[in-house]
Amino acid sequence: MFGFIKKSLKGIVKKFEKSVDKNKVKKDEEEIVKENNTEKTKVKRKMVCWNVKEVNKELNLKKGKEAKINEHKTEEPIKETTKEMEEEKKPKKRGFFSRQISEKDLQKFKLELVKANVSFDVAEEIADKLRDKDGRNIKKLLRNELLSLLEQEEFSIGTFIKGKIKEQGNCMVLFFGYNGSGKTTTIARLGYLLKEQKIPIVFAAADTFRAAAIEQLSAHADNLKIDIVKHKYGGDPAAVVFDAKKHAEAINGVVLADTAGRLHSDKNLMEELHKILRINKPDMTILVLDSLTGSDILEQIEKFGEVDFDALILTKVDVNEKGGAMLSVKQKTDKPILFLGMGQEYKDLEKFDAEKIVKKMLD
Ligand SMILES: Nc1nc2c(ncn2[C@@H]2O[C@H](COP(=O)(O)OP(=O)(O)OP(=O)(O)O)[C@@H](O)[C@H]2O)c(=O)[nH]1
Ligand SMILES: [Mg+2]
């Protein structure tokens, strides 16, 4: 899990630290101590000595008497540049280093992120946050940036469902998403989790479209000893969900409604989804996304956003090496990610935990 993005991020951290060392030498040249810039001018007083004989003559001094040269010397300040002074004028290196991450490395970093399935926009956003920053802190900066991208408000679906049941005698949670994204498996796993919390559950087999879909959910219901409401194939899924709601009212529990996988481009199935929602008005809608989906995952969020989902569940994270999609998803929508699908078993539904994910990506 996350092997690819982890390797990329580790590589980046190392690279930055190295490049900071190189930059250090380069930038030292530019770091000029200000006082070196203030011109230091040495003024040498040059004495212009007159020829003693001429002085004597001119001054009519007696032979043997010393001329009072000092009275006649001209003092002229002359700027004289010596080799030593030239050296002094040169910029002095000081014990302070530039530690900025170079632009070239930032570009490489962006590319690495995109390779790890991070969308270009997000890669750019992260890189921008690192620009002009001290490269020695790259790991910490990266950690903070990833955390701020992934963090979300605490939400407990168990508490939410219990609250609704208390308030209105039942609750309905409806799942939708692309074909094969993991809806049915997720419903079974959530059933397992909520059963442990002693919440009465009924499954609604509202995928009346795909062959064996009803049997698949029925098998989970049998295994978990959870009630199920099902109709015939080709039946109206909105009617299945409606009947399941009646059942939930009777048992004072929650409906977990499965629906057929659909592409947003499939007009009929999208209209069908609108109908299910219109008739049954679920308390919560969850978009199930396959984390292995590349950049298409953002398009799925956008298109399913038209039916206005409340939360997300990302599946197949256990086999997701790239890991970057999660960052893109969090940037694209402010809807919470409730769980991550982490395997094939009922227990393999992990609560979304930003810190845990960042640790897996960085440490
Ligand atoms: N490794 C792994 N496999 C998963 C996970 N979730 C689902 N799968 C597998 O993905 C495949 C599709 O899962 P389903 O639950 O049938 O998906 P769906 O969205 O209901 O599919 P449709 O009803 O055909 O649209 C199955 O083989 C599941 O076992 C997960 O978290 N990890
Ligand atoms: Mg299914």
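## Talking through a predicted model

Mentor: Let's begin with Ala244, which is buried, with a relative accessible area of 0%. Keep in mind as we go that this is a predicted model.

Trainee: Okay, which helix is Ala244 found in?

Mentor: Look along the chain at residues 237–251, which make up one helix. Ala244 falls in that run, and the helix is α12.

Trainee: And what does Ala244 touch, not counting residues up to four places away in sequence?

Mentor: Remember that Ala244 counts as buried because its relative accessible area is 0%, and the cut-off for buried is under 20%. Setting aside residues up to four places away in sequence, the ones Ala244 touches are Val202, Ala204, Val229 and Val255.

Trainee: How far apart in space are Ala244 and Ile201, C-alpha to C-alpha?

Mentor: In sequence, 43 residues separate Ala244 and Ile201. In space, going from C-alpha to C-alpha, the distance between Ala244 and Ile201 is 9.9 Å.

Trainee: Let me zoom out. How many helices and strands does the protein have?

Mentor: Sure, here's the overall picture. Buried residues make up 43% of the 363 residues. As for the elements you asked about, the protein has 16 helices and 10 strands.

Trainee: What share of the contacts with a separation of 6 or more comes from residues 24 or more positions apart?

Mentor: Take the contacts in the protein with a separation of 6 or more, and pick out those between residues 24 or more positions apart. Their share is 76%.

Trainee: How much of the accessible surface belongs to carbon and sulfur atoms?

Mentor: The accessible surface of the protein comes to about 20400 Å². The part that belongs to carbon and sulfur atoms is 50%.

Trainee: Now a single helix: how many of the residues of α15 are buried?

Mentor: Helix α15 covers residues 325–332 and is mostly covered. Among its buried residues are Ala325, Met326 and Lys330. The count of buried residues in α15 is 6 of 8.

Trainee: What about Gln300, is it buried or exposed?

Mentor: Gln300 sits in helix α14, residues 296–304. Apart from neighbours within four places in sequence, Gln300 is in contact with Tyr178, Leu287, Leu289, Thr293 and Gly305. Its relative accessibility is 2%, and since the cut-off is under 20%, Gln300 counts as buried.

Trainee: Where does Lys164 lie, and how far is it from Val254 in space?

Mentor: Lys164 lies in helix α9, residues 157–168. Leaving out neighbours within four places in sequence, Lys164 is in contact with Gly169, Asn170, Cys171 and Asp283. Lys164 and Val254 are 90 residues apart in sequence, yet C-alpha to C-alpha they are separated by 8.9 Å.

Trainee: Which helix gives the most to the positive patch?

Mentor: The patch of positive charge is on the surface, where Lys10, Lys14, Lys15, Lys18, Lys104 and Lys108 gather. Two helices, α1 (3–30) and α6 (103–115), each supply at least two of its residues. With 4 residues, the one that gives the most is α1.

Trainee: How does Lys15 count in terms of accessibility?

Mentor: Lys15 has its place in helix α1. Its relative accessibility is 38%, and because values between 20% and 50% fall in the middle class, Lys15 counts as partly exposed.

Trainee: On to salt bridges. Why are Lys115 and Glu112 separated by about one helical turn?

Mentor: Their side chains meet in a salt bridge, 3.6 Å from N to O. Lys115 is partly exposed at 42%, and Glu112 is partly exposed at 25%. They are separated by about one helical turn because they are 3 residues apart in helix α6.

Trainee: Which partner of the Glu345 and Lys347 salt bridge counts as exposed?

Mentor: The closest N and O atoms of Glu345 and Lys347 are 3.9 Å apart. Glu345, at 48% relative accessibility, counts as partly exposed. At 53%, the partner that counts as exposed is Lys347.

Trainee: And which residue forms a salt bridge with Lys356?

Mentor: Lys356 is partly exposed, with a relative accessible area of 39%. Its partner is partly exposed as well, at 27%. With the closest N and O atoms 3.6 Å apart, the partner is Glu350.

Trainee: Which residues do shared partners join into one network?

Mentor: A search of the whole structure finds 18 salt bridges. Where salt bridges share partners, the residues joined into one network are Glu103, Asp128 and Arg131.

Methods:
Residues numbered from 1 in each chain as written. Chains lettered and ligands numbered in written order. Predicted model: local features only at pLDDT ≥ 70, side-chain atom pairs only at ≥ 80, totals over all residues. Heavy atoms only, no water. Buried < 20%, exposed > 50% of the residue type's maximum accessible area, 1.4 Å probe, protein only. Contact = heavy atoms within 4.5 Å. Patch = residues over 30% accessible without salt bridge, like charges linked within 9 Å, V, L, I, M, F, W, Y side chains within 5 Å. Areas by Shrake-Rupley, 256 points an atom, 1.4 Å probe, with all protein chains shown as cover. Salt bridge = Lys/Arg side-chain N within 4 Å of Asp/Glu carboxyl O. Lys, Arg positive; Asp, Glu negative; His and termini not counted. Charge placed at Lys NZ, Arg CZ, Asp CG, Glu CD.
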